[in-house]
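Subject: A structure for you to look at

Hi there,

Here is the structure I promised to pass on. Have a look at it first, and then read on for what I found.

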Amino acid sequence: MVMRSIILFIAAALFEIGGAWLVWQGVREHRGWLWIGAGVIALGLYGFFATLQPDASFGRILAAYGGVFVAGSLIWGMVVDGFRPDRWDVTGALICLVGVAVIMYGPRGVTN
């Protein structure tokens with residue numbers, strides 16, 4: 001169950017970050033409406049993948065996903081744009097991922 005959740009978070013991040021990047025390229029880099037449209041479709045797919053998480057709490061899923069988004073954005077920037085994070089970027093991303101683990105996979109009682 002945890003592995004499925006992690007895979008879904010990664011897929012959601014690829015679609016959201018990739019979609020935002022495509023829109024950025026279309027607007028800021030003047031690549032046109034085809035890039036923007038592809039980005040909008042990818043962003044819609046992100047929303048779909050977020051709904052597949054095993055936990056039924058929208059707030060919990062989106063709160064935890066925020067940490068995945070932070071770390072994924074830095075990785076995307078490194079791979080796609082040649083961005084080099086400094087130690088503070090890496091430290092912040094690791095803190096966010098610890099938050100993801102606490103929110104999503106921490107032990108919960110019957111009453112939450």
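Let's start with the whole chain: the protein has 112 residues, and 29% of them count as buried. Keep in mind that this is a predicted model. There are four helices and zero strands, so to speak an α-α-α-α run when you read from the N terminus on. If you draw a box along the principal axes, the C-alpha atoms fill roughly 50 × 35 × 20 Å. The accessible surface comes to about 7300 Å², and carbon and sulfur atoms supply 73% of that. Take the contacts with a separation of 6 or more: 65% of them involve residues 24 or more positions apart.

**The inside**

Which residues make up the largest nonpolar core? There are eleven: Phe-9, Ala-12, Ala-13, Ile-17, Tyr-46, Ile-61, Ala-64, Tyr-65, Val-68, Val-100 and Met-104. At least two residues of this core come from each of helix 1, helix 3 (58-81) and helix 4 (87-105).

Try clicking on Ala-12. Leaving out residues up to four places away in sequence, Ala-12 touches Tyr-46, Phe-49 and Tyr-65.

Helix 3 is worth a look too. Its buried residues include Arg-60, Gly-67, Ala-71, Gly-72, Leu-74 and Gly-77, along with the core members Ile-61, Ala-64, Tyr-65 and Val-68. What covers the buried residues of helix 3? The cover includes helix 1, helix 2 and helix 4. Just after helix 3 comes Gly-82, which has a positive phi of about 75°.

**The rings**

Next, the aromatic side chains. I count seven aromatic pairs. One of them joins Tyr-46 and Tyr-65: the pair is tilted, with 5.2 Å centre to centre and 35° between the planes. Tyr-46 sits in helix 2 and Tyr-65 in helix 3, so this pair ties together parts that are 19 residues apart in sequence. Are these two buried or exposed? Tyr-46 has a relative accessible area of 14% and Tyr-65 has 4%, and both are buried because the cut-off for that is under 20%.

Tyr-65 has another partner, Phe-69, in a tilted pair with 6.4 Å centre to centre and 55° between the planes. Here both residues lie in helix 3, four residues apart, which is about one turn of the helix. Phe-69 has 31% relative accessibility and counts as partly exposed. Put the ring pairs together and you get a cluster of Phe-9, Tyr-46, Tyr-65 and Phe-69.

**Two loops**

Now for the stretches between helices. Gln-53 lies in the loop between helix 2 and helix 3. Is Gln-53 buried or exposed? Gln-53 is buried, with a relative accessible area of 6%. Apart from its neighbours within four places in sequence, Gln-53 is in contact with Ser-5, Leu-8, Phe-9, Ile-61 and Met-104. You have met Phe-9, Ile-61 and Met-104 already, as members of the largest nonpolar core.

His-30 is in the loop between helix 1 and helix 2 (33-51). With 71% relative accessibility, His-30 counts as exposed. What about its backbone? His-30 has a positive phi of about 55°, although it is not a glycine. For background, most residues other than glycine have a negative phi.

**The outside**

Finally, turn the model to find a nonpolar patch on the surface. The patch is formed by Val-2, Met-3, Ile-6, Ile-7, Ile-10 and Leu-14, which together have about 560 Å² of accessible area. Two of its members make a handy comparison. Ile-6 is located in helix 1 (residues 2-28), and at 33% relative accessibility Ile-6 counts as partly exposed. Ile-7 also lies in helix 1, but Ile-7 is exposed, with a relative accessible area of 51%. Why do the labels differ for Ile-6 and Ile-7? Exposed means over 50%, so Ile-7 at 51% passes the cut-off and Ile-6 at 33% does not.

One last distance to try for yourself: the C-alpha atoms of Ile-7 and Asp-89 are separated by 23 Å, and these residues are 82 apart along the chain.

Enjoy exploring!

Technical notes. Residues numbered from 1 in each chain as written. Predicted model: local features only at pLDDT ≥ 70, side-chain atom pairs only at ≥ 80, totals over all residues. Heavy atoms only, no water. Patch = residues over 30% accessible without salt bridge, like charges linked within 9 Å, V, L, I, M, F, W, Y side chains within 5 Å. Areas by Shrake-Rupley, 256 points an atom, 1.4 Å probe, with all protein chains shown as cover. Salt bridge = Lys/Arg side-chain N within 4 Å of Asp/Glu carboxyl O. Buried < 20%, exposed > 50% of the residue type's maximum accessible area, 1.4 Å probe, protein only. Core = buried A, V, L, I, M, F, W, Y, C linked by side-chain atoms within 4.5 Å. Contact = heavy atoms within 4.5 Å. Phe/Tyr/Trp six-rings, centres within 6.5 Å; stacked < 30°, edge-to-face > 60°.
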